[in-house]
Amino acid sequence: MTEAKAAPAFWGDGKIECKKCGRVWYLTKHSLIQRDPDSVECRCGETLHSWNGAVMYTAELIKPIPGDKEHKEGA
Ligand SMILES: [Zn+2]
């Protein structure tokens with residue numbers, strides 16, 4: 001078994017860092033019945049991951065950047 005140091009593409013659950021702003025997201029993969037090409041985007045507009053298959057991903061922000069008010073929800 002060899003560890004792949006640089007995966008060619010993100011596939012599966014895991015952390016992904018936005019190359020543009022530095023926020024870190026945790027993507028969770030969900031299986032779908034139908035093929036549903038789509039993508040998830042960071043708050044800054046950068047595409048974190050796109051796919052083309054019977055899956056979808058949800059992104060949870062796990063590491064905000066300074067200026068994000070992630071812990072102060074509400075008005
Ligand atoms: Zn970003």
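Author: From the N terminus on, the elements run β-β-β-β-β. This is a predicted model.

Reader: How many helices and how many strands does the chain have?

Author: Zero helices and five strands.

Reader: Which strands form the open sheet, and in what order?

Author: The open sheet has three strands. Their order is β1-β2-β5, and the pairing is antiparallel.

Reader: Why do β1 and β5 each have one side without a neighbour in the sheet?

Author: β1 (14-17) and β5 (55-63) stand at the edges. Each has a single partner strand, so one side is left without a neighbour in the sheet.

Reader: How are neighbouring strands of this sheet turned against each other?

Author: On average by 35 degrees, with direction ignored.

Reader: How many bridges hold the pairing of β2 and β5?

Author: Eight bridges. Strand β2 covers residues 24-31, and its pairing with β5 is antiparallel.

Reader: Which residue in β5 is the bridge partner of Tyr 26?

Author: Glu 60 is the partner of Tyr 26.

Reader: Where do side chains point in a strand?

Author: In a regular strand they alternate between the two faces of the sheet.

Reader: Now for β3 and β4. How many bridges join them?

Author: Four bridges. Strand β3 takes in residues 38-41, strand β4 residues 47-51, and the two run antiparallel. Look at Val 40: it stands opposite His 49 in β4.

Reader: What lies between the strands of that hairpin?

Author: Five residues lie between β3 and β4. In this hairpin, Gly 45 takes a positive phi near 105 degrees.

Reader: Next, burial. Is Gly 12 buried or exposed?

Author: Count the C-beta atoms around the residue. With 12 or fewer others within 10 Å, a residue is exposed. Gly 12 has 10, so Gly 12 is exposed. Gly 12 lies in the segment before β1.

Reader: And Pro 66, buried or exposed?

Author: Pro 66 is exposed, with 5 other C-beta atoms within 10 Å. Find Pro 66 in the segment after β5.

Reader: What share of the chain counts as buried?

Author: Of the 75 residues, 7% count as buried.

Reader: How far apart in space are Gly 12 and Tyr 57?

Author: Compare sequence distance with distance in space. Gly 12 and Tyr 57 are 45 residues apart along the chain, and their C-alpha atoms are separated by 8.8 Å. Take another pair: Pro 66 and Gly 22 are 44 residues apart in sequence and 10.0 Å apart in space, C-alpha to C-alpha.

Reader: What share of the contacts with a separation of 6 or more comes from residues 24 or more positions apart?

Author: Such residues account for 44% of those contacts.

Definitions and conventions. Residues numbered from 1 in each chain as written. Predicted model: local features only at pLDDT ≥ 70, side-chain atom pairs only at ≥ 80, totals over all residues. Pairing = 2+ DSSP bridges. Axes fitted to C-alpha atoms, helices over the stretch in contact; angles between N-to-C directions. Buried ≥ 20, exposed ≤ 12 C-beta atoms within 10 Å, placed from the backbone. Contact = placed C-beta atoms within 7 Å.
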